[in-house]
Amino acid sequence: MPESHLPIVVVGAGAAGLLAAIFAGGASGQGRRVLLLERTRDGGRKILVSGGGRCNVLPSRLEPARFVTASSPNTLRKMLLSWPIAEQRRFFEEEVGLELVLEPETGKLFPASNSARQVRDGLVALARRRGVEIRFEALMDGLAPGPDGAWSIALRGGGEILAGTVILATGGRSLPGTGSDGLGFELVRGLGHTVHSTYPALTPLTAEPPRHAELAGISLDVTITAPGPGKGLTTRGGFLFTHRGYSGPSVLDVSHLAVRSRLAGGALQPLLVRWTDLDAAAWDQALREGSGTIAGPLRRHLPDRLAEALLAEAGVDAARPLHQLRRDERLRLVELLTRYPLPWTGDEGYRKAEVTGGGVALSEVDPRTLESRLRPGLFLCGEILDAFGPIGGHNFAWAWATGRAAGLGASDHLRLGHSGIE
Ligand SMILES: Cc1cc2nc3c(=O)[nH]c(=O)nc-3n(C[C@H](O)[C@H](O)[C@H](O)COP(=O)(O)OP(=O)(O)OC[C@H]3O[C@@H](n4cnc5c(N)ncnc54)[C@H](O)[C@@H]3O)c2cc1C
């Protein structure tokens, strides 16, 4: 016997599911009954660990062109821009009650408290104020069409729920410890949906042997170029040497190309690092016209230990006078300073990935309501869909925007009488 008949059931209390439940619930909490099912004890665990515990809630400006999808970029754009950043910000400030502060050097918006917990707890509290019933430690492990156009949701450990509409916000495969282990993909595939190949994205890279382990802890701003079709991809920002390889926003933002080249089994994607703001011509001039030792100009622009490592790799004695630097040595140094081939060999995978690349084909959902085009009454939002953005709050912007659209879409679906359960 089904446990209950409910108009709207949201599965997954992460960023997208919380927003879906809040918007499905209606403005005053007087709307339809909404049940939010979440397998973990408290939900929103990815929000808790985001932004190093500070939660980069939003970017100050959206950059749709930097999103990645195997689906239509135009469809992605429509979904992403359905809720402008200014309105998203107003929602967090006025409805959730969170003051957001801009970090000018990165363009990221953080809560004034710098507390990711405040973001997660604020969203859970708002959902409850809107009348959403939240059931934690409830794992959905089956989803199938039920009687009279309803959906039948099976819970692990027994129990069935019948729902008029279901919003799937089960996330991807990244950081499985937070509750998202890819089960949602299996369920939608079983319902006939196309799931574009998934892969870890925004994940640190590794080097075996770890050539730069002695530089672990050093961070600096760099430019990384991944040569490829067209102009390839260039990322700028923080770079961090780790014990096992390389991390930081510039590495994470280009990591999907590395991961995909590894998975394809062919040549590994070359990644060329320019360690400073100076280009090849500027370095050439600095090394020809400067005075003092060869190490001097490098130390002025780079952390000492990195400068020494690059000089050693170029086979140049750092203590020699600069005017003794031979042409071939100078050219070698300029190349290492501006087009350094990062010796990555692997990646940290889903274990450390911030998001999942690939996912449910965007062509199979209505871009306005996020309703499945294959299965009426089923809505999809967040990381389960085939899209991810760069570091900087873009992935939450995607989760908030698609979650809201799915919540409103499900609510409209019922209002228009498309489901037997009201
Ligand atoms: C370390 C880290 C830092 C990050 N920092 C940022 C940042 O600062 N800014 C930013 O924009 N993005 C950041 N991200 C990315 C961002 O967290 C994700 O894009 C976003 O959380 C995706 O939201 P989602 O709701 O789609 O999926 P998830 O957050 O994964 O939520 C899915 C939820 O569904 C639940 N669930 C799954 N399957 C079931 C089931 N069968 N039954 C019941 N419940 C289920 C899970 O337990 C989980 O709570 C970060 C990610 C990581 C890993």
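Against which helices and strands do the buried residues of H5 pack? The points below take up that question first and then turn to other parts of this predicted model.

1. Helix H5 and its surroundings. The buried residues of H5 pack against four helices, namely H1 (15-24), H2 (45-49), H4 (85-96) and H12, and against the strands S5 (108-111) and S6 (133-135). The residues of H5 that count as buried are Ala116, Val119, Arg120, Gly122, Leu123, Val124, Leu126 and Ala127, so that an arginine is listed here beside alanines, valines, leucines and a glycine. The helix itself spans residues 116-129, and its 14 residues reach 20 Å from the first C-alpha to the last, close to the 20 Å expected at 1.5 Å a residue. Following H5 comes Gly131, whose phi is positive and near 90°.

2. The chain as a whole. The protein chain has twelve helices and 19 strands, and its C-alpha atoms fill a box of roughly 85 × 45 × 35 Å along the principal axes. Of its 422 residues, 56% count as buried. Where contacts between residues at least 6 apart in sequence are considered, 73% join residues at least 24 apart.

3. Ser411 and Gly25. Ser411 lies in helix H12, and the C-alpha atoms of Ser411 and Gly25 are separated by 7.9 Å, although these residues are 386 residues apart along the chain. Leaving aside neighbours within four places in sequence, Ser411 is in contact with Ile8, Ala24 and Arg32. Ser411 counts as buried because its relative accessibility is 18%, which is under the 20% cut-off.

4. Glu383. This residue, Glu383, is placed in the loop between strand S19 (378-380) and helix H12 (394-415). Glu383 counts as buried because its relative accessibility is 16%, again under 20%. Its side chain makes a polar contact with the side chain of Ser174, at 2.8 Å. When residues up to four places away in sequence are not counted, Glu383 touches Lys46, Gly171, Gly172, Arg173, Ser174, Phe185, Glu354, Val355 and Thr356.

5. Leucines with positive phi. Leu202 has a positive phi of about 50° although it is not a glycine, and Leu370 likewise has a positive phi, of about 65°, without being a glycine. Leu202 is found in the loop between strand S10 (195-201) and S11, whereas Leu370 is found in the loop between strand S18 (355-360) and S19. Leu202 counts as buried because its relative accessibility is 2%, and Leu370 counts as buried because its relative accessibility is 1%. A reviewer may wish to look at the backbone at Leu202 and at Leu370 in the structure above.

6. A cis peptide bond. Glu208 and Pro209 are joined by a cis peptide bond, with omega about 0°. Pro209 belongs to the loop that runs between strand S11 (205-206) and strand S12 (219-226).

7. The second largest pocket. This pocket has a volume of about 570 Å³. Its lining comprises 20 residues, of which the closest to the pocket centre are Glu105, Thr106, Lys108, Arg236 and Ile391. Strand S13 (233-241) and helix H7 (249-264) each supply at least two residues of the lining, and S13 gives the most, with five residues. By class, the lining of this pocket has three nonpolar, nine polar and eight charged residues.

8. The cavity. How many cavities of 30 Å³ or more does the structure hold? The structure holds one, and about 30 Å³ of space lies in the largest cavity. The residues that line the largest cavity are His212, Leu215, Phe241, Trp275, Leu306, Ala309, Leu310, Glu313 and Tyr340. Helix H10 (residues 304-314) gives the most to this lining, with four residues. The lining of the largest cavity divides into seven nonpolar residues, one polar and one charged, whereas in the lining of the second largest pocket three residues are nonpolar, nine polar and eight charged.

Definitions and conventions. Residues numbered from 1 in each chain as written. Predicted model: local features only at pLDDT ≥ 70, side-chain atom pairs only at ≥ 80, totals over all residues. Heavy atoms only, no water. Buried < 20%, exposed > 50% of the residue type's maximum accessible area, 1.4 Å probe, protein only. Polar contact = N/O pair within 3.5 Å; in protein donor to acceptor, adjacent residues only side chain to side chain. Contact = heavy atoms within 4.5 Å. 1 Å grid on protein atoms, 1.4 Å probe; cavity = no way out; pocket = protein on both sides within 12 Å on 5 of 7 lines; lining within 4 Å. Points joined across faces, edges and corners; volume = space filled by probe spheres on them. Nonpolar A, V, L, I, M, F, W, Y, C, P; charged D, E, K, R; others polar. Expected span 1.5 Å × (residues − 1).
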